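Let's take a walk through a protein together, one step at a time. Keep the picture beside you as you read.

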Amino acid sequence: MSSWDQVEFSISPKTKGCYLITDEILQNVPQIRNYKIGTINLFLKHTSAALTLCENWDPDVRKDMGTALDRIVPEGDDLYIHSDEGLDDMPAHVKSSLIGASITIPIKNGKLATGVWQGVWLCEFRNYKHTRHIVATINGLQA
């Protein structure tokens with residue numbers, strides 16, 4: 001019989017950059033251990049940050065990703081009309097839309113079934129610290 005769990009939690013405030021948050025997810029969603037098989041959907045409740053699954057070992061990859069995204073969507077471009085919260089406001093919305101607000105990961109034997117070098121990233125696109133909220137929804141067969 002299929003089971004469901006859902007929890008909402010906050011990620012510690014961070015300034016602009018890409019951060020590995022896999023451990024924070026595992027701490028805040030211990031229910032993962034109860035599932036033999038299933039999926040977890042992580043949904044970020046914000047429009048100026050994003051979630052993605054990427055490199056979990058070399059922190060230079062996270063720095064390079066931030067640099068690449070800034071080249072693709074630069075701040076202070078005269079093209080943008082919306083700047084209600086500063087010059088980083090509209091670029092943050094564009095980057096969030098490009099990367100996405102949610103990811104789904106398989107669960108196998110009580111663990112995230114990611115690849116060897118994969119981890120969950122929070123990509124923060126605003127220059128000053130924000131507390132971000134994530135809704136985790138699990139569906140699957142419990143052990």
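A residue is called buried when its relative accessible area is under 20%, and exposed when that value is over 50%; anything in between is partly exposed. Please keep in mind as we go that this is a predicted model.

With that rule in hand, try Ile40, which sits in strand β3. Its relative accessible area is 0%, so Ile40 is buried. Which residues does Ile40 touch, leaving aside those up to four places away in sequence? The list is Val29, Ile32, Ile103, Thr104, Ile105, Ile107, Leu112, Ala136, Thr137 and Ile138. One of these, Thr104, is 64 residues away along the chain, and yet the C-alpha atoms of Ile40 and Thr104 are separated by 5.5 Å.

The sheet helps us picture this region. Strands of a sheet pair through backbone hydrogen bonds, either parallel or antiparallel. Here, five strands make an open sheet with antiparallel pairing, and their order is β1-β8-β3-β5-β6. At the edges you will find β1 (residues 3-14) and β6, each of which pairs on one side only. Strand β3 covers residues 35-44 and is joined to β5 by seven bridges, in the antiparallel sense. To see the two strands facing one another, find Gly38, which stands opposite Ile107 in β5.

Now let's look inside. In soluble globular proteins, nonpolar side chains tend to be buried together. The largest nonpolar core of this model has 22 residues, and those touching the most other members are Phe9, Ile21, Val29, Ile40, Leu42, Leu51 and Ile134. So our friend Ile40 appears again. Strands β1, β3, β4, β5, β7 (118-124) and β8 (130-142) each give two or more residues to this core. Strand β3 gives the most, with four residues. There is also a second, separate core of seven residues, among them Cys18, Ala50, Trp121 and Phe125.

Charged side chains come next, and the model has nine salt bridges. In one of them, Asp70 meets Lys16 at 3.1 Å, N to O. This pair links distant parts of the chain, since Asp70 belongs to helix α2 while Lys16 lies in the loop between β1 and β2 (17-20), 54 residues apart. Lys16 also meets Glu75 in a salt bridge, at 2.7 Å from N to O. Glu75 is in the loop between α2 and α3 (89-99), 59 residues from Lys16. Are these residues buried, exposed or partly exposed? Asp70 has 27% relative accessibility, Lys16 has 26% and Glu75 has 30%, so each of the three counts as partly exposed. Through shared partners, salt bridges join Lys16, Asp70, Glu75 and Lys95 into one network. Arg132 and Glu124 form another salt bridge, at 2.7 Å from N to O, and both of these residues are buried.

Finally, let's step outside. Trp57 lies in the loop between β4 (49-55) and α2 (59-72). With a relative accessible area of 62%, Trp57 is exposed. Together with Val116 and Trp117, Trp57 forms a nonpolar patch on the surface, with about 440 Å² of accessible area in total. Our last stop is Asn109, in the loop between β5 (102-108) and β6 (111-112). Asn109 has 53% relative accessibility, so Asn109 counts as exposed. Its phi is near 50°, a positive value in a residue other than glycine.

Note on methods: Residues numbered from 1 in each chain as written. Predicted model: local features only at pLDDT ≥ 70, side-chain atom pairs only at ≥ 80, totals over all residues. Heavy atoms only, no water. Patch = residues over 30% accessible without salt bridge, like charges linked within 9 Å, V, L, I, M, F, W, Y side chains within 5 Å. Areas by Shrake-Rupley, 256 points an atom, 1.4 Å probe, with all protein chains shown as cover. Salt bridge = Lys/Arg side-chain N within 4 Å of Asp/Glu carboxyl O. Buried < 20%, exposed > 50% of the residue type's maximum accessible area, 1.4 Å probe, protein only. Pairing = 2+ DSSP bridges. Core = buried A, V, L, I, M, F, W, Y, C linked by side-chain atoms within 4.5 Å. Contact = heavy atoms within 4.5 Å.
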